[in-house]
Amino acid sequence: MCPKKRFCLSIGSSQDHLVFRSHIHSDPAPSRVFRLTISQDISGGEINAMLDIRLEQLEFIGAGKHGEVYKIDEKRCIKIYKARHYLRKELAALQRGADARFFPKVYDWGGDYIIREYAPGIPLNRYLRTERFTKDIARQLVEMVETMRELRFRRADTRLSHVIIDPKGKLWLIDPVNTMKPSPPFPRKLFKGLIRRGVDGEFMEYVRQHYPQAYDRWERHVSRLRERVSSSSQG
Ligand SMILES: Nc1ncnc2c1ncn2[C@@H]1O[C@H](COP(=O)(O)OP(=O)(O)O)[C@@H](O)[C@H]1O
Ligand SMILES: [Mg+2]
């Protein structure tokens, strides 16, 4: 068995301790069958179960510039990439952030795909159209950005559309393909989204109280961005 392909799947919530080992191969195109071999059951016992997943039978959940995403089950999804360099960048980002709880866990990858944790919920830009911006959301957003900065992501930033809020209110950061691109010294994309939703003031107030150093670093950039966004929306 190829050592790279051995991995551990955690199924269920952390309280469930539902863990089994599995091993995935993919057949060459065009049929795209992903073979999931389960070699350890939920209590750790040895089993030898096999599951063939056909791409065309999976639920399509979204597509963007870099690829298409399909849901495998309640815990996992697969992203098929249009180009290998996108996969390499995103895999490197997910590995760099492997200990940060807001990044989906990586279960496996192949030449053009990554199987990762499925983040249930809706993107924050859509959520904030109807729901309140809370201190708990502010806390998780600033923690996300500051954790990425500590982990030396060059772009410690995200669009609101790449933050998913799950039914328990936990935030997930999906699509970190571009997190190593050069970036301004503050989370500009995040602030653009928050300004558009009218909640940038509340967010900055939370940051001022709880992350004063981040506040000092961001403050003048945010003020300038606000001016620019308000003058462009008037024009
Ligand atoms: N881990 C995930 N959990 C749940 N949905 C996801 C996940 N990753 C991606 N998606 C969905 O698939 C869409 C496209 O994925 P994304 O990673 O943004 O692709 P791209 O890099 O091509 O923009 C997302 O907007 C989101 O709706
Ligand atoms: Mg995307």
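In the predicted model, Ile80 stands opposite Tyr113 of strand β9. This pair belongs to the contact between β7 and β9, two strands that run antiparallel and are joined by five bridges. On the β8 side, Asp108 is the residue that stands opposite Ile115 in β9. Strand β8, which covers residues 106-109, is likewise antiparallel to β9, and three bridges join the two. Together β8 and β9 form a hairpin, with three residues between them. Four of the five residues of β9 are buried, and the strand is therefore largely enclosed by the rest of the structure.

These strands are part of an open sheet of five strands, arranged in the order β5-β6-β7-β9-β8 with antiparallel pairing. Its edges are formed by β5 and β8, each of which pairs on one side only. On average, and with direction ignored, neighbouring strands of the sheet are turned by 25° against each other. At the β5 end, four bridges join β5 to β6, and these two strands run antiparallel. Within that pairing, Gly62 has Val69 of β6 as its bridge partner. Helix α1, comprising residues 84-96, packs on the sheet and touches β6, β7, β8 and β9. The direction of α1 makes about 30° with that of β9.

Several strands of the five-stranded sheet also contribute to the surroundings of ligand 1. Of the 18 residues around this ligand, those that come nearest are Gly62, Gly64, His66, Val69 and Asp175. Gly62 and Val69 thus appear both as bridge partners in the sheet and among the residues that come nearest to ligand 1. The elements that give two or more residues to the shell are β5 (59-63), β6 (67-71), β7 (76-81) and β9 (113-117). Strand β5 supplies the largest share, with three residues. In terms of residue class, the shell is made up of nine nonpolar, four polar and five charged residues. Residues of the shell come from both domain 1 (3-117) and domain 2 (122-234), so ligand 1 lies between the two domains.

A further open sheet consists of three strands in the order β10-β11-β12, again with antiparallel pairing. The edge strands here are β10 (122-123) and β12 (171-173), each pairing on one side only. Strand β11, residues 163-165, pairs with β10 in the antiparallel sense over two bridges. In this pairing, Ile122 has Ile165 of β11 as its bridge partner.

For the protein chain as a whole, the secondary structure comprises six helices and 12 strands. The chain has 235 residues, of which buried residues make up 30%. Contacts that span long stretches of the sequence are also represented: among contacts between residues at least 6 apart in sequence, 53% join residues at least 24 apart.

Note on methods: Residues numbered from 1 in each chain as written. Chains lettered and ligands numbered in written order. Predicted model: local features only at pLDDT ≥ 70, side-chain atom pairs only at ≥ 80, totals over all residues. Pairing = 2+ DSSP bridges. Buried ≥ 20, exposed ≤ 12 C-beta atoms within 10 Å, placed from the backbone. Contact = placed C-beta atoms within 7 Å. Near = placed C-beta within 6 Å. Nonpolar A, V, L, I, M, F, W, Y, C, P; charged D, E, K, R; others polar. Domains from an automatic or database assignment. Axes fitted to C-alpha atoms, helices over the stretch in contact; angles between N-to-C directions.
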